[in-house]
Amino acid sequence: MGNPVAPARVSLVGPACAVIGILGFSFKAILIKLAYSWAPVDAVTLLALRMIYSVPFFAVMAWWASKPGKVKPMRRADWLALLWLGFIGYYLASLLDFMGLQYITASLERLVLFLYPTMVVLLSVALFKKRVGGRIWVALALSYAGILLVFAHDFRLSADSHGLWLGAALVFVSAFCYALYLVGAGPAITRLGSLRFISWAMLTSAVFVIAQFLLTRPLAALAAPASIQLLSLVMAVFSTVLPTFLVAEAIKRIGANRTSLIGSLGPVFTIGLGWWILGEAVHWIQLIGAALVLGGVTLVTMKPAERA
């Protein structure tokens, strides 16, 4: 007889990939806040350092996923799609997120960013006239009520209300850009495969990031302190490269729906890490707001139960 434990171990691989990947993405905001507190580094320079350390990994992955004879050749339409999706999803969304974290806590950033599934639904309604039921509208109301509750709490305690508004707005637009990316990425991923698509989209975004840096900053800015270099490397490996492919592997093994539900752990991870590492205060109002956001997003991403 075979080992009865083996199937259970195999079945846990997908969820484990999702959990570790979500934890890696959640840790990104903590690393960014640490970098801002450790040295006078700006968002453009920090993003450039992150991409510079990430590029070699994605270049290898792009080469591996694009071996001749194993995949369809890239068409002009594919390159145009990669150009647009890399710009909106991995360059502009990241830049706005990095900028927003200069003004707001990691916990609030993750909650606002986590609204992107609700934005995907709203974009689908607006662009494709998709019909949604009452459950979705309830979910949307819960999610945005939770954000308003947390924002109102932070606003009342903030010494810089203008900065709080600006930071929250930047991250909100970042989430919207990522939602636009998700709405448009489906056909490209289907044609190219997730590994090849992600690799080339990230390399495309790196071109935009580095071009912006070269046009707006001196090269000497890259000579940041060793602590910032280390944070950028950790961010590149453990909060960019590995989570990207772990989540892709999770989607492959357990599906996008279950992976999205596990993704609800993201804000929980960030709130906990923000309290533990950054010393960010956690109030019961914030926890209620977070619960509303998580509940709403879970309703959005969860498929209704099928009737027997």
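Helices here are DSSP runs of H or I, at least four residues in length, and they are numbered from the N terminus. Keep that in mind for the tour, and remember that you're looking at a predicted model.

**Stop 1: helix 10**

Select residues 226-254, which make up helix 10. Put a distance label between the C-alpha atoms at its two ends and you should read 40 Å. Does that fit the 29 residues of helix 10? Which span should you expect at 1.5 Å a residue? The answer is 42 Å, and the 40 Å in the model agrees with it, because the expected span is 1.5 Å times one less than the number of residues.

Now slide along helix 10 to Pro243: a kink of about 40° is centred there. Phe245 is also in helix 10. Colour Phe245 as buried, because its relative accessible area is 15% and the cut-off for buried is under 20%. Next, add Ala18 to the selection. Phe245 and Ala18 lie 227 residues apart in sequence, yet their C-alpha atoms are 9.8 Å apart in space.

Before you leave, step off the end of helix 10 to Gly255, the residue that follows. Check its backbone: phi of Gly255 is positive, near 95°.

**Stop 2: helix 4**

Go to residues 76-100, which form helix 4. Helix 4 has 25 residues and reaches 35 Å from first C-alpha to last, close to the 36 Å expected at 1.5 Å a residue. Where is the kink in helix 4 centred? Click on Gly86, where helix 4 bends by about 35°.

Then pick Gly89, again in helix 4. Gly89 counts as buried, because its relative accessible area is 3%. Draw a line from Gly89 to Leu101: the two are twelve residues apart along the chain, and their C-alpha atoms are separated by 18 Å.

**Stop 3: Met61 and Lys129**

Select Met61, which you'll find in helix 3, residues 43-65. Is Met61 buried, partly exposed or exposed? It is partly exposed, because its relative accessibility is 29% and that class runs between the 20% and 50% cut-offs. For a long distance label, join Met61 to Ala291: they sit 230 residues apart along the chain, with 37 Å between their C-alpha atoms.

Now jump to Lys129, in the loop between helix 6 (116-128) and helix 7. Have a look at its backbone angles: phi of Lys129 is near 55°, a positive value in a residue other than glycine. Show the surface as well, and Lys129 should stand out as exposed, because it has 66% relative accessibility.

**Stop 4: the cavity**

Time to look inside. How many cavities of 30 Å³ or more are there? The count is one, and about 60 Å³ of space lies in the largest cavity. To see its lining, select Thr105, Ser107, Leu108, Leu111, Val150, Asp154, Ile271, Ala281, Val282, Gln286 and Leu287. The elements that give two or more residues to this lining are helix 5 (106-113), helix 7 (134-157) and helix 13 (284-301). Helix 5 has the largest share, with three residues. Colour the lining by class and you get seven nonpolar, three polar and one charged.

**Stop 5: the second largest pocket**

Keep Thr105, Asp154 and Gln286 on screen, as they are among the residues nearest the centre of the second largest pocket. Add Ile104 and Leu164 to complete the group nearest that centre, out of 13 lining residues. The volume of this pocket is about 280 Å³. Which helix gives the most to the lining of the second largest pocket? That would be helix 7, with three residues. By class, this lining divides into five nonpolar, five polar and three charged residues.

**Last stop: two cysteines**

Finish with Cys17 and Cys177. Cys17 counts as buried because its relative accessibility is 12%, and Cys177 is buried too, with a relative accessible area of 5%. A disulfide is a covalent bond between the sulfur atoms of two cysteines. How many disulfides does the structure hold? Zero, so there is no such bond to draw, given that a disulfide needs a pair of cysteine sulfur atoms within 2.5 Å.

Definitions and conventions:
Residues are numbered from 1 along each chain as its sequence is written. This is a predicted model: local features need pLDDT of at least 70, side-chain atom pairs count only at pLDDT 80 or more; totals for chains, interfaces and linings use all residues. Side-chain values use heavy atoms; hydrogens and water are left out. On a 1 Å grid over the protein atoms alone, a cavity is a set of points where a 1.4 Å probe fits but cannot get out, and a pocket is an open set with protein on both sides within 12 Å along at least five of seven lines; lining residues have an atom within 4 Å of a point. Grid points are joined across faces, edges and corners, and a volume is the space filled by probe spheres set on the points. Ala, Val, Leu, Ile, Met, Phe, Trp, Tyr, Cys and Pro count as nonpolar, Asp, Glu, Lys and Arg as charged, and the others, Gly among them, as polar. Buried means under 20% relative accessible area, exposed over 50%, partly exposed in between (1.4 Å probe, protein chains only). The bend at a residue is the angle between axes fitted to the seven residues ending there and the seven starting there.
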